[in-house]
Structure formats: C-alpha cells, structure tokens
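Welcome! Here is a short briefing to help you find your way around a new structure, topic by topic.

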Amino acid sequence: MGDPCAGMSLGALLRGWRERALLTQEQLAERACLNVRTVRRMESGALLRPRVTSMLLLAEALELNGADRATLNAAAHGQPGPAVAGPPPVTVPRQLPADVAALAGRDRELAVVEGHRSSHTVPVVCVNGMAGIGKTALAVHAAHRLAPLYPDGQLFVDLRGHAPKAPVEPGTALARVLRTLGVPDEHIPWHPDDRAALYRSVLAGRRVLIVLDDAADEHQLLPLLPAGPGCLVIVTSRRRLTCHGDARGLSLDVLPVTAGIALFTRLAGLDRRAPSDVLAEVVRRCGLLPLAIRIAAARLRARPAWGVRHLLDRLACDRLAELADGPHSVAAALDRSYDRLPDEQRRVYRLLGSGGRAGFGADTAAALLDTSMPRARRLLDQLMDAHLLQETSPCWYRMHDLVHDHAAAL
C-alpha cells in the first residue's frame, strides 16, 4: 500500500494534522499567532504560496517532527514530500444499544425529547422516574430516531448510578469517551477537570448525540456535558436532577391501562384473545410499571401451560416474588434504589411501608416519624426526589403499590 500522504495538498495535510492535534481552526491560529483567515485559506487551497514564517509558526504550533516538517515545506512549494505516516483514520462512534422492540404509551414523551432544541446552548433532556419506569428504553428509542441528525456519532455511557457496584467516576467516564472520540491514551490528561476541558474541545463544532444512562447525581453528570450547541444530550436518572442552562426535565409516570395491555399482549405473544378485564387486572397488578409488565409477559410466554388467568392468580399472592425472571426483578431494581438512600431516608422509607396503602398527609407522616411538620415535609421531599414517593396533591402523598410492597417487606 502506498504512502497515505503521497500527493496530499497543503490544505489536506494541515487539516489532518490539526484534527490529530484536536484543534479547531481558531485554536490553531491562536497558537500559531496567525489570523484565522490565513489558516482557513490554507486549508481550503485558496492560499497557494504561504509565507515561510507562517509555515514555521504552524509547524511549531502543531509540534511536527522533522519528517512532517519536510512534508509540510514540500507541499507549501507544490512538491511531493517524503513518505511519512498520515494521521490515523477516526472511527465515527455508533454506540447506541439495540432499539427496543416495543415502546407503548410514550408518544408525548418522545415528542418532548425530539423537540427540545437550542441555538445557544447544548440541548439537554433529563428523563427521570422510578426504577423500571422505562427511562432507558425511551432514551434509546428516541436516540435511534434522532441519530440521522447527528452524523458525527452517537455515544452511550452507562454511568451505573444504581448498579450493585459504585457509580462510575466522572474522570473514568471521560477517559473512556475521549478514547472513543479518537484521543490516544498518552494525550488524555490525568486531572478530571483537564479531561473535561479536552472533551469539550473535541466536541466543539461536531454534531454528536450523547446518551448518559443511569446518572447518580449532578456531580457525576456535569463534567460530561458539552459546552456549546450542535450536540444533544439525553440523560436518564432515578433522581430528579438539576442541570444548568435550559435543560428540560421529563418525569415518566406509569403507563395508561390501554398502553399497558398493548405492551403485555405484544410481548407475551398472545395469539388468542384474552378477556379485556382480565388483561387490565394483570397490568394493574403489575402496577402499570413497564419493567413489571415485561417480566410478567416473559414468564407467561415461557410457560405454555399457563393461561392469563393463572398468571393473574399468581400475581394476587406475592407479586414481588412473581415479578422476577432470571436477572430481571422488580424487587432487585427497588433494592438498588433503597441502597443508595442515606440511613435516615431508609428509616423513613421502612416506616412509610409499615402503614396502609392509602394516601396520607404530611401531618400523618410527622406523627409516624415522630418529628415536626417542616422536617417531615423535607424528608418526604427527599424520597420524592428519589422517585420512591408520589405527591398526588399539595402535602398529600402515596407510595406506588410495588414500592409499598417492597418497603413493607424490609
């Protein structure tokens, strides 16, 4: 194979070396003490006979070695240069997981994600909700639909905010993303702040879609946000996060009954018509939670001897035990939310689970927790931020049925 730089123009060489150095035209011009118009004209081929001093300044700014300088000098004079290795090709990242086979009842939420745009700052959509509500499924599905608008790549970063092990540190996540974007290991800074700055530089001027899945908190999230427009960031988290700028928060609720039935029948592969009232009761026993509905459908499909009524009878007993299928379990998902709570909030969670399923007021909670009303409200707010409690009207609360089952069993 011939030399990749053989016959390359001055503009192509400059552009390749500049991109290898992760510099914009403006940054290269500033580093070389040249006018940015000069750099643009060189790269476009409009400046055919650049000054020798300009070439020397560019070679210094790009930190070119002797062979590269000879190639640059030869190209500036319209001569073939010596054989040197060109910059390595950059692979455009396409990291999105496979799209979900079935996404029911989320048309309005999809419209919010797909419609959030900004011409001044990077658009960020923070999708939040309780464990198993379908945050990742929505984010991945929307990202697949939006991918053609972001030709410079799609990144998917699992931040493991509620995984059994500790969440991913921001510096570790940045190093992985920088490698994906073509930065060699030896060019990745040691300090997380410097990694974040380099990450913003690499993304400047690019159109990249970034999915940050299962963020634990703002500390983990903020270093991974680009600085300017052009990119889109979709964040998922079990917590309500406060992002800067015009970030859009989107809280997911449980599915409508009709959407729950549609999801269940599709995933269960039902080739016979089951009574609609039985199907409705099945998805209600699943709390209209997408994860629970998916698990119930998978169990029914894997057991040909079962009927829908038999599944309903089993869910009428210990439904958390029934809503488990291999590695997928509603109880395990809620365990991870509970494990991330501070000790005081865990105590509040358990005490609330010891009460009835009906809604309750802040005064009832204060009496149960043996504390003042203002402090009770603060404690309840913290559980709401973790999506383990719902406020149905001002100072009136309830637990999702499956969350209550989980809290009561602790």
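Strands β3 (residues 209-213) and β4 (residues 232-237) run parallel to each other and are paired over four bridges. In this predicted model, they belong to an open sheet of five strands, ordered β2-β3-β4-β1-β5 with parallel pairing. The points below start with that sheet and then move on to a three-stranded sheet, a pair of helices and the cysteines.

**The five-stranded sheet**

- As general background, the strands of a sheet pair through backbone hydrogen bonds, either parallel or antiparallel.
- To trace the pairing of β3 with β4, look for Leu-209, whose bridge partner in β4 is Leu-232.
- Ile-210 is another good marker, as it stands opposite Val-233 of β4.
- On to β1 (124-128): this strand pairs with β4 in the parallel sense, over five bridges.
- Within the pairing of β1 and β4, Val-127 has Thr-236 of β4 as its bridge partner.
- β2 and β3 also run parallel, and five bridges join them.
- Here Leu-155 is matched with Ile-210, its bridge partner in β3.
- The sheet has the order β2-β3-β4-β1-β5; its edges are β2 (154-158) and β5 (248-251), and each of these has a single partner strand, so one side of each lacks a neighbour in the sheet.
- From one strand to the next, the twist of this sheet averages 15°.

**What covers the strands**

- How many of the residues of β4 are buried? Six of its six residues are, so the strand is mostly covered, buried meaning under 20% relative accessible area.
- Both faces of β4 are covered, with buried Leu-232, Ile-234 and Thr-236 on one side and buried Val-233, Val-235 and Ser-237 on the other.
- β2 is mostly covered too, with four of its five residues buried.
- Helix α7 (residues 135-146) lies across β1, β2, β3, β4 and β5, and runs at about 165° to β4.

**The three-stranded sheet**

- A second topic is an open sheet of three strands, in the order β8-β10-β9, where the pairing is antiparallel.
- β8 (360-361) and β9 (390-393) are its edge strands; each has a single partner strand, so one side of each is left without a neighbour in the sheet.
- β8 and β10 (residues 396-398) run antiparallel and are joined by two bridges.
- Phe-360 finds its bridge partner in β10 at Tyr-397.

**A pair of helices**

- Two packed helices are described by the angle between their axes and the distance between the axes.
- For helix α17 (residues 343-353) and helix α19 (residues 373-385), the axes come within 10 Å and cross at roughly 90°.
- That crossing makes α17 roughly perpendicular to α19, because angles of 65 to 115 degrees count as roughly perpendicular.
- On the α17 side, the contact is made by Glu-344, Gln-345, Val-348, Tyr-349 and Leu-352, while α19 brings Arg-375, Leu-379, Leu-380, Gln-382 and Leu-383.
- Sorted by class, this contact of α17 with α19 has six nonpolar, two polar and two charged residues.

**The cysteines**

- A disulfide is a covalent bond between the sulfur atoms of two cysteines.
- A search of the whole structure finds zero disulfides.
- Cys-317 is in no disulfide, and the nearest cysteine sulfur, that of Cys-286, is 14 Å away.
- Is Cys-317 buried or exposed? Cys-317 is exposed, at 63% relative accessible area.
- Cys-231, by contrast, counts as buried, at 2% relative accessibility.

Terms used. Residues numbered from 1 in each chain as written. Predicted model: local features only at pLDDT ≥ 70, side-chain atom pairs only at ≥ 80, totals over all residues. Heavy atoms only, no water. Disulfide = S-S within 2.5 Å. Buried < 20%, exposed > 50% of the residue type's maximum accessible area, 1.4 Å probe, protein only. Axes fitted to C-alpha atoms, helices over the stretch in contact; angles between N-to-C directions. Parallel < 35°, antiparallel > 145°, perpendicular 65-115°, else oblique. Contact = heavy atoms within 4.5 Å. Nonpolar A, V, L, I, M, F, W, Y, C, P; charged D, E, K, R; others polar. Pairing = 2+ DSSP bridges.
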